[in-house]
There are 4 protein chains.
Amino acid sequence: MTGIGDNSEAGAGLVKSFVDRILRLKEEQDAIGDDVKDVYAEAKSQGLDKTALGKVVAKIRANQKNPDKYAETEALVELYMNAVEAEALTHARA
Amino acid sequence: MTGIGDNSEAGAGLVKSFVDRILRLKEEQDAIGDDVKDVYAEAKSQGLDKTALGKVVAKIRANQKNPDKYAETEALVELYMNAVEAEALTHARA
Amino acid sequence: MTGIGDNSEAGAGLVKSFVDRILRLKEEQDAIGDDVKDVYAEAKSQGLDKTALGKVVAKIRANQKNPDKYAETEALVELYMNAVEAEALTHARA
Amino acid sequence: MTGIGDNSEAGAGLVKSFVDRILRLKEEQDAIGDDVKDVYAEAKSQGLDKTALGKVVAKIRANQKNPDKYAETEALVELYMNAVEAEALTHARA
């Protein structure tokens, strides 16, 4: 059991120091999360669509992360969507 | 405080009955979740791409849920992506 | 690229069959998800707290999944919480 | 349709500026997310349990956010857990 070891006082300090560091980082993350919400609200106030904007941001991030994988997935999604739609049409006519 | 009321025995039975019902439903959900994983694994074994297949399923479900909203969002995503790419090109040439 | 192969007609049918199977399973999952929501709503109507009920369900599922890991984690959470609180008190008095 | 309006050039610039601002903020969030992972890895290297540490952080954040709601939920979770366990025992003996 990964307890806090024999010297529980030192152990308690150790736990608290890690908890405090994580809490501070999480607070920073929350603050940025609020900033992101503000930018989306501002975009909406200027007539842009938040859902579409979010999908564009996600696409650009995926492309930045792995351009080849992004391009391949986008091409396959289009290929599969056309396939499904074509099949649906064929069945509709049958 | 929404405790279990004065008659704690009846209250205990009440809590247990709701917990048991939710647990049973969650188990059914887990079982279907495993079935979904199996279908994706089978699709992969037949040469299809799981990520692309998942995105197609998500698009079709969004379209089934709200066709107008789906069509509008897809159009706006394309419009915004073209705008961002056009802007990037303009800056690249400047 | 894991496309749909040379025989695109067969490939299209393949994609559609997998998409249809996943869609059906997702619909079943959605239906059960609605049932879960109904049970929580019923529990709330009988005076129980949905958040607490959900945490109890999660604890029981974690225990069912891996009793040893569940027991160890619960014990460590208590140990660490006590450590953090003790440290906070020590600092408050210093 | 919340398109980009008549002056598409200005509109394109508008979309790009919002996308760029959100991308920058998301990158900051990612960087902090990596820092959080590093702290958990460091805690693990010093013998602490990441899962338990994460649950303690979550409890402290819930308490910071709404102390009354946190205290009530914790009390109800304990009450409901005892109820379920008591009921299970009663049935076991019956």
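In the predicted model, C:Glu74 forms a salt bridge with C:Lys59, and the closest N and O atoms are 2.8 Å apart. A salt bridge is taken as a side-chain nitrogen of Lys or Arg within 4 Å of a carboxyl oxygen of Asp or Glu. Because C:Glu74 belongs to helix α3 (residues 67-93) of chain C and C:Lys59 to helix α2 (residues 50-65) of chain C, the pair ties together parts that are 15 residues apart in sequence. Helices are DSSP runs (H or I, at least four residues), numbered from the N terminus. Over all chains, 23 salt bridges are found.

Local features need pLDDT of at least 70, side-chain atom pairs count only at pLDDT 80 or more, and totals for chains, interfaces and linings use all residues. Side-chain values use heavy atoms, without hydrogens and water; residues are numbered from 1 along each chain as its sequence is written, and chains are lettered from A, and ligands numbered from 1, in the order in which they are written.

Chain A is superposed on chain D by a rotation of 180 degrees with 0.0 Å of shift along its axis (RMSD 0.0 Å); the fit is by least squares on the C-alpha atoms of residues with pLDDT of at least 70 in both. The two copies are therefore related as by a two-fold rotation axis. In chain A, the C-alpha of A:Gln29 is the nearest to the axis, 2.9 Å from it. Both copies use the same surface, as 100% of the contact residues of chain A recur in chain D, contact meaning heavy atoms within 4.5 Å.

Technical notes
Helix = DSSP H or I, 4+ residues; strand = E, 2+ residues; numbered from the N terminus.
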